[in-house]
Amino acid sequence: MNEFRALVVNKTETDFTVNVQTLSLDDLPEGDVVIQVAYSSVNYKDGLASIPNGKIVKTYPFVPGIDLAGIVVSSKDPRFHEGDEVIATSYEIGVTHFGGYSEFARIPGEWVVPLPKGLTLKEAMALGTAGLTAALSIHRLEENGLSPEKGSVLVTGATGGVGSLAVAMLAKRGYHVIASTGKETEHDYLRTIGAQDIVSRNDVCLDQIRPLDKQLWAAAVDPVGGRTLATVLSRIQYGGSVAVSGLTGGTDVPTTVFPFILRGVNLLGIDSVYCPMELRRTIWERLATDLKPDHLASIAREITLEELPETLSRILQGQLRGRTVVRL
């Protein structure tokens, strides 16, 4: 425990490095809970943290990794005790506070969630922030009246982490899931995890966006944003909702007020970073029960700390499918 391995990014005036180094507990930031990390995961934000101009990391040297799951080795927080299995995702982890790409982490107690019964530590990281985001999206859609008999649900960016998990979760809940992807080679994968129909990305993100188009879907989970979101909004059924959580398709949404004032469409913003703890715990309980994907093993693959640099590069190039778990 005196020395352990971590992936460290460092930036100087002349150089930028990403490599596995040996650290000690004295190198870790302040926090109430020391965790022996069992698993972390790979997210797009982690990829940005691994490049010099990613605009995620503010101070160097730094340990990325916005997700972690492991076992408490010491705690000043009375809610947690040695031996507890816990999860910590989002907040400032892997952004301004050393993250999960380390065999040990020290985290503020208010950022820590007990591992729910029904999940292993590895399964928790197969889900991670992406799973929390997908589950929050479905939770909010159902709060706004979505149920399987209302009609089909579109998932954009369906081969990514949020998209893949949303497809699998919706399928488990009994929804007719339509998956949108630009990767023709991944159709079998999407059907395996629960998609009943697959549409091309080009058929969802149109060159010419109408203020209102044909009503196709009862709801949508959209981690893409941009023109894709504008097109989807114009094709949601009356009273339906879109849960948006990402911006890989851009930050500008060229839409009008017509879907909202003529069809009563709801645009639901999904934030997994500062999601209140009470709701966060509720969502993790659902992730361990009714929203736990049946095909989680098909969605996630496992890598080592040494394989991380190449994997972080690949996620930025759109070359990863589903989820990648990092074994510490």
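What is the volume of the largest pocket? In this predicted model, the largest pocket has a volume of about 1,400 Å³, where a pocket is an open set of points on a 1 Å grid over the protein atoms alone, with protein on both sides within 12 Å along at least five of seven lines, and where the volume is the space filled by probe spheres set on points that are joined across faces, edges and corners. Of the 50 residues that line the largest pocket, Tyr44, Val162, Pro223, Gly246 and Thr248 are the closest to its centre, a lining residue being one with an atom within 4 Å of a point. At least two residues of the lining are supplied by each of helix H1 (44-49), helix H2 (121-143), helix H3 (161-172), strand E9 (177-181), helix H5 (201-204), helix H10 (308-316) and strand E15 (323-327); helices (H or I, at least four residues) and strands (E, at least two) are DSSP runs, numbered from the N terminus. By residue class, the lining of the largest pocket divides into 21 nonpolar, 23 polar and six charged residues, with Ala, Val, Leu, Ile, Met, Phe, Trp, Tyr, Cys and Pro counted as nonpolar, Asp, Glu, Lys and Arg as charged, and the others, Gly among them, as polar.

Because the model is predicted, local features need pLDDT of at least 70 and side-chain atom pairs count only at pLDDT 80 or more, whereas totals for chains, interfaces and linings use all residues. Residues are numbered from 1 along each chain as its sequence is written, and side-chain values use heavy atoms, with hydrogens and water left out.

The structure holds 16 salt bridges, each defined as a side-chain nitrogen of Lys or Arg within 4 Å of a carboxyl oxygen of Asp or Glu. One of these joins Glu306 to Arg5, with the closest N and O atoms 2.2 Å apart. Glu306 lies in the loop between strand E14 (300-304) and H10, and Arg5 in strand E1 (residues 4-11), so this pair ties together parts that are 301 residues apart in sequence. Glu306 is partly exposed at 47% relative accessibility, and Arg5 is likewise partly exposed at 29%; on this scale, buried means under 20% relative accessible area, exposed over 50% and partly exposed in between, for a 1.4 Å probe and protein chains only.

A salt bridge within helix H2 is formed by Arg140 and Glu143, whose closest N and O atoms are 3.4 Å apart; being three residues apart in that helix, Arg140 and Glu143 are separated by about one helical turn. Arg140 is partly exposed, at 26% relative accessibility, whereas Glu143 is exposed, at 52%. Asp290 forms a further salt bridge with Arg173, the closest N and O atoms being 3.3 Å apart. This pair links distant parts of the chain, since Asp290 lies in the loop between helix H8 (277-287) and helix H9 (296-299) and Arg173 in the loop between H3 and E9, 117 residues apart. Both Asp290, at 25% relative accessibility, and Arg173, at 32%, are partly exposed, and salt bridges that share partners join Glu142, Arg173, Arg286 and Asp290 into one network.

On the surface, Val257, Phe258, Ile261 and Leu262 form a nonpolar patch with about 390 Å² of accessible area together. Patches are made of residues with over 30% relative accessible area and no salt bridge, like charges being joined within 9 Å and nonpolar side chains (Val, Leu, Ile, Met, Phe, Trp, Tyr) within 5 Å; accessible areas come from the Shrake-Rupley method with a 1.4 Å probe, and for residues only the protein chains shown count as cover. Within this patch, Ile261 is placed in helix H7 (residues 258-262) and is exposed, at 60% relative accessibility.

Several loop positions complete the description. The peptide bond from Tyr60 to Pro61 is cis, with omega near -5°, and Pro61 is placed in the loop between H1 and strand E4 (67-75). That loop also contains Lys55, which has a positive phi of about 60° although it is not a glycine and which is exposed, at 78% relative accessibility. Ser90, found in the loop between strand E5 (85-89) and strand E6 (104-107), has a positive phi of about 60° although it is not a glycine, but Ser90 is buried, with a relative accessible area of 4%.

Definitions and conventions: On a 1 Å grid over the protein atoms alone, a cavity is a set of points where a 1.4 Å probe fits but cannot get out, and a pocket is an open set with protein on both sides within 12 Å along at least five of seven lines; lining residues have an atom within 4 Å of a point.
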